[in-house]
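Colleague: I am new to this model, so please begin with one spot among the aromatic side chains and look at it closely. After that, please carry on through whatever else helps me to find my way.

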Amino acid sequence: MPALVNYSNGDGEMYSLRSNPMELAQLCSIARDVYSPACKRARTSSSFAFNSEESNRQPSIEVLPEECLFEILRRIPGGKERGACASVSKKWLMVLSSIRRSEICKPVSCCGDVEMASGESVEELDGCLTRSLEGKKATDLRLAAIAVGTSSRGGLGKLCIRGNSSSSGHGVTDLGLSAIARGCPSLRTLSLWNVPRVSDKGLSAIAKECHSIEKLDLCHCPSITDEGLAAIAGSCPNLSSLSIESCSRIGNAGLQAVAKFCPKLQSLSIKDCPLIGDQGLSALFSSSTAISKVKLQSLNITDLSLAVVGYYGKSITSLVLTGLQFVSEKGFWVMGSAKGLEKLASLVITSCRGTTDLGLEAISKGCPNLKQICLRKCSFVSDNGLMSFTRSAGCLESLQLEECNRVTESGIIGAISNCGAKLKSLSLVRCMGIKDTTAGLSLSSLSQCSSLRSLSIKNCPGFGSLGLALVGNLCPRLQQLELSGLHGVTDEGLLPLLRSCNACLEKVNLSDCSSLSDEVVSTLARLHGGSLEVLNLDGCRRVTDASLAAIAEHCMFLSDLDVSRCAITDAGIGYLSNANQLNIQVLSLSGCCYLSSKVLTCLKRIGRTLVGLNLQHCNGISSKTVEVLVESLWRCDILS
């Protein structure tokens, strides 16, 4: 007659098992296998023959159904114990990862470090547990181990997964993301990069369990569609930051869901998503009034989207527009004329053909608090637009132009003069329209820009001595000067700037200004040596030991010196080593072909304060000398 066995799970739930005598005998046999004490091993040398059935039989605990194993493992009280159980087998790990935190009986908080089933640790940053998996380490098993190991402390707060396309067969899937969802309900930040096997199912699992998601970053996730994004939006009302890049199946419907359910959205970045257009962005900006940071790149949007941004973007403080090929001049003009971007402080426009003088002028008038603007590859912006913009932008503090080839030297000088007492930083990079001529410009008709502190001109081959001298007269308070790759600048152009600078220069970069000589460096050291901290003379081939002698005498606060590819010799290094007031921390001598191994003693003396020394391509210094330096200057990183 079958026996009825009842037992309680301790929570008031009753379970029953009907078994016949044969089944009970088998159960007792399993119990003996599990609980019987170990016997002494027989001391015999005879061989044993096992039948195939016994040799292939699984361990008795493995024959338990997953339902039984689930009930057993959810009663494991502490994090360390659960981590130990997860190390038993893959089956145990996956069962443990399927247990929600709310299903664990009497969880015990662990005060020490989180001990992972895989033997790895989890960082604690910003008050929450953080984990990052990259490349081959990004697998479902690792995610399951993380979920189990951190569940006793509330689970992860931040998770970043960066997959590897070469390991797509073993990468993260919906299964691993579901384990994180069950074990980490307090997850606030999720970043998924290059995970093609994660689909809407995985994202929906996160949405179902993790209602505290605040930041979501999706990059190269081709299997995620509007459905997955809508699931997050519908379950995570605290979403404040959304970044979507190269997700080919996310479109307008997903953004409309975000607009409907996420009123706290503050940061939006969308790049290279072909299905996202005017409809989605219009719905988002017209509904989400809290958005303050926006980045739109390589999208199929038109003038309508920029008009909506200009009208509804009353909270936007930072705006980045890149590669918007279908936006015309009208779009930028309407964006500025709509008068909605009153709080805009930073604007970056790159490779947008619709950026013209007319649109730029409208932006300057419609954005009264604009402090920083960067224009890259805006080929239709000319001197007229630049001067009109700087005349109207009364709060402008930083101006950066890169590859704006219609802007000439007259436009730059006029812009500096217009900015008066506000502009603090000016940067010009590869502006080929600049030529060294100041025709039609008189110093008396220009206003000084006494507020300018940083001037950077890189790889503008037409910028020469005449323009530089005029800039020097207009900007007497410079503290940082960077002139890189200006082969046309000579001593006659730079010396007036150094002499007219009333403030104390702190950082100077003259790299690849091949026409400069010792006279400039000596004047710089004499006039500004009391404040100079960083000096880069890389590629100034006319700079010799005389410059180092002046530096050694006057530059008492210099900490970073680069004289790579200069015509210095051992004697020049000797000047530096004899200057007791110098405290150089980083010294670069790369490509100084006139140096020899005799410089060893001098470098040892300088090395008392050095933390970095570059001796690459110094063919006159032997490898043995370098070895001696490495041994002597044990605190210094030496490149050779």
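Modeller: Y312 is partly exposed, at 38% relative accessibility, where buried means under 20% relative accessible area, exposed means over 50% and partly exposed lies in between, with a 1.4 Å probe and protein chains only. This is a predicted model, in which local features need pLDDT of at least 70 and side-chain atom pairs count only at pLDDT 80 or more, while totals for chains, interfaces and linings use all residues. Residues are numbered from 1 along each chain as its sequence is written, and side-chain values use heavy atoms, with hydrogens and water left out.

Y312 belongs with Y311 to an edge-to-face pair, because the ring centres are 4.9 Å apart and the planes stand at 80°. The structure holds 1 aromatic pair, the term being used for rings of Phe, Tyr and Trp (its six-membered ring) with centres within 6.5 Å, called stacked if the planes are under 30 degrees apart, edge-to-face if over 60 and tilted for the rest. Y311 is itself partly exposed, with a relative accessible area of 48%, and K314 lies over its face at 5.7 Å from the ring centre. Such a placement requires NZ of Lys or CZ of Arg within 6 Å of the ring centre and within 35 degrees of the ring normal. Elsewhere, R162 lies over the face of W193, at 3.9 Å from the ring centre.

From these rings we can turn to the interior. The largest nonpolar core has 167 residues, and L192, L494, I573 and L589 touch the most other members; such a core is a set of buried Ala, Val, Leu, Ile, Met, Phe, Trp, Tyr and Cys residues joined through side-chain atoms within 4.5 Å. The largest share of this core, 5 residues, comes from helix α16 (residues 409–419), where helices (H or I, at least four residues) and strands (E, at least two) are DSSP runs numbered from the N terminus. Setting aside neighbours within four places in sequence, I573 is in contact (heavy atoms within 4.5 Å) with several residues, including L548, L589, L595 and I606.

L494 leads on to helix α18 (residues 491–500), which is largely enclosed by the rest of the structure because 7 of its 10 residues are buried. Among those buried residues are D491, G493, L494 and S500, and what covers them includes α17 (465–474), β17 (480–484) and α19 (518–528).

Strand β4 (residues 128–134) is also mostly covered, with 5 of its 7 residues buried. It pairs with strand β5 (residues 158–162) in the parallel sense over 5 bridges, pairing being counted if DSSP finds at least two bridges between two strands. One of the bridge partners is C160 in β5, which is matched with S132.

As for cysteines, a search of the whole structure finds 0 disulfides, a disulfide being a pair of cysteine sulfur atoms within 2.5 Å. C219 has C247 as its nearest cysteine sulfur, 6.8 Å away, and C219 is buried at 4% relative accessible area. The sulfur of C221 is 4.7 Å from its closest cysteine sulfur, also in C247, and is therefore too far for a bond; C221 is buried at 0%.

Finally, S392 lies in helix α15 (residues 383–392) and is partly exposed at 32% relative accessible area. Its C-alpha atom is 6.1 Å from that of K365, although the two residues are 27 apart along the chain.
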